[in-house]
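Hi,

Here is the structure I promised to pass on. Have a look at it first, and then read my notes underneath.

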Amino acid sequence: MVELLPAAGFLNISTAASLVAAALALYFLVEQLSYHRKKGPLPGPPLVVPFFGSIVQMVSEPTQYWVVKAAQARESGLGLAADFLVGKFVLFIRDSELSHKVFANVRPDAFHLLGHPFGKKLWGEHNLIYKFGDEHKELRRRVAPNFTPRALSTYAALQQRVILAHIRRWLDQSAVAGGGAMSLRVPCRDMNLETSQMVFVGPYLTETTRQSFGDEYNLFNTGVMAMPVDLPGFAFGRSRLAVERLSRMLAECARESKARMRAGREPECLADYWMQEIVRDIDEAAAAGQPPPANTDDKDLGNFLFDFLFAAQDASTSSLCWAVSALESHPDVLARVRAEVAEVWSPESGELMTAEKIQEMKYTQAVAREVVRYRPPATLVPHMAGESFKLTEWYTVPKGTLVFPSVYESSFQGFSSPDEFDPDRFFSEDRREDVVYRRNYLAFGAGGHQCIGQRYALYHLVLFLALFVSVADFNRDRTEGCDDLVYMPTIVPRDGCTVFLKQRCARFPSF
């Protein structure tokens with residue numbers, strides 16, 4: 001009897017192993033069948049790795065991954081392609097009109113805007129982009145005063161001071177290095193972070209909190225491109241915790257701004273313009289014996305301010321790098337920008353550019369719009385299908401699908417010679433491609449969730465272009481593949497836009 005026990009134990013282990021193998025085989029079969037049922041006639045991999053799908057390829061080589069998806073959608077003639085990522089069916093959309101259909105149907109029973117494939121886990125469900133209906137409309141109404149001409153004029157002085165201070169630093173670093181080439185991606189990112197801090201909550205951050213803010217944001221940024229493993233020691237988990245700490249810092253800024261606006265002070269930053277409206281709404285509710293309106297407490301406002309910061313930061317870094325690259329490779333465009341700026345402002349004038357002067361630079365504004373078309377910073381706008389949705393006569397998007405409208409692909413549809421960098425498409429009165437092909441200009445999205453800060457984004461790019469070309473001479477350190485696209489998480493040149501710099505003006509402006 002005793003001698004039979006080992007055999008019985010072996011039999012139990014063998015049986016258990018067989019059952020596990022059978023269960024795994026069944027899971028694999030069910031997953032493949034489910035994938036093919038959802039995929040239907042769309043191009044995509046014939047088999048997918050259980051649970052993980054193509055996540056390794058997407059994270060390790062995102063540029064090539066999305067190039068393949070776009071090619072599948074284009075070559076099939078369907079404008080769509082399918083895949084599977086971490087347990088989720090994925091739909092890639094190349095066709096501009098189908099992307100519009102997604103953007104126009106962001107609501108609980110259709111598509112939910114995500115901003116990032118794992119955005120809700122990364123920065124929580126409080127994000128402005130996750131709001132729907134009347135709540136979303138009311139939030140956008142309160143945010144609107146942040147981007148009026150008066151507000152943009154206030155920000156312009158702050159932006160110019162920060163931009164010039166950083167360009168001065170770049171020129172000094174270049175001189176110390178004997179005129180050697182330097183990559184602009186990280187310096188542009190640092191400049192944008194300081195610009196965003198000053199514009200959004202400038203008076204309410206000390207030097208110490210600014211440094212802490214920068215460190216936390218770098219932690220967050222690292223996690224955006226990491227595997228979505230929310231465990232201690234993993235970049236994604238550290239990123240999520242960094243978001244919480246940043247939101248708490250910004251909530252304190254909102255509290256201080258409310259007090260300052262209630263005291264009747266003049267707005268000095270974006271938070272002030274926003275809190276003016278919010279304080280008025282809170283006081284009116286109190287006078288009527290009502291509780292404060294929704295989404296007006298400090299914690300909520302800190303979360304929303306972080307949303308703005310994230311939206312402004314990496315997208316702007318991408319645009320600045322591509323703008324420098326495009327101008328250097330198109331000397332005729334660069335000469336026209338310099339000539340236009342010189343008509344309204346000189347580095348030796350001892351004055352900052354006024355809002356009126358900035359508005360006069362129509363060609364430079366066209367250049368900024370073309371930079372964003374030619375290299376839209378956020379190439380994809382992830383959505384989730386909350387319910388099944390009939391996208392075409394022949395295809396219904398299954399519930400739970402991760403949907404990726406490609407604004408990058410739309411930017412190269414319709415426009416004349418779309419692969420060419422040509423600002424005249426937005427400057428020439430005869431061409432007016434911003435009107436003729438406006439449905440393909442999707443860099444800022446479309447519909448009710450269209451980017452509310454697009455005016456600020458273009459304004460910032462115009463200011464940088466005007467200042468940079470006026471005070472600096474620059475040449476790319478061109479190497480093979482230097483302008484290939486890489487995701488960081490927005491797209492930037494592979495070499496980080498490496499340039500040789502030297503001072504152009506006789507006297508560098510100081511303010």
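Below is what I found about the sheets and the helices that pack on them. Keep in mind that this is a predicted model.

Let's start with the sheet of 5 strands. It is open, its strands come in the order S1-S2-S8-S5-S3, and the pairing is mixed. At the edges you'll find strand S1 (80-85) and strand S3 (111-113); each has a single partner strand, so one side of each has no neighbour in the sheet. From one strand to the next, the twist averages 30°. Inside that order, strand S5 (residues 383-385) and strand S8 (residues 402-405) run antiparallel and are joined by 2 bridges. If you want a spot to zoom in on, Met384 sits opposite Leu402 in S8.

Two helices to look at here: helix H3 (residues 62-76) packs on this sheet and touches S1, strand S2 (88-93) and S8, with its direction at about 140° to that of S1. Helix H4 (residues 96-103) packs on the sheet too, touching S1, S2, S3, S5 and S8, and its direction makes about 125° with that of S8.

Now for the other sheet. Here 3 strands form an open sheet, ordered S4-S12-S9, with antiparallel pairing. Strand S4 (182-183) and strand S9 (472-476) are the edge strands, each pairing on one side only. S4 pairs with strand S12 (residues 498-503) over 2 bridges, in the antiparallel sense, and Ser183 stands opposite Thr498 in S12. Helix H7 (residues 149-176) packs on this sheet, in touch with S4, S9 and S12, and its direction is at about 95° to that of S12.

Cheers

Definitions and conventions
Residues are numbered from 1 along each chain as its sequence is written. This is a predicted model: local features need pLDDT of at least 70, side-chain atom pairs count only at pLDDT 80 or more; totals for chains, interfaces and linings use all residues. Side-chain values use heavy atoms; hydrogens and water are left out. Two strands pair if DSSP finds at least two bridges between them. Helices (H or I, at least four residues) and strands (E, at least two) are DSSP runs, numbered from the N terminus. Contact means heavy atoms within 4.5 Å. Axes are lines fitted to C-alpha atoms, for helices over the stretch in contact, and angles run from 0 to 180 degrees between N-to-C directions.
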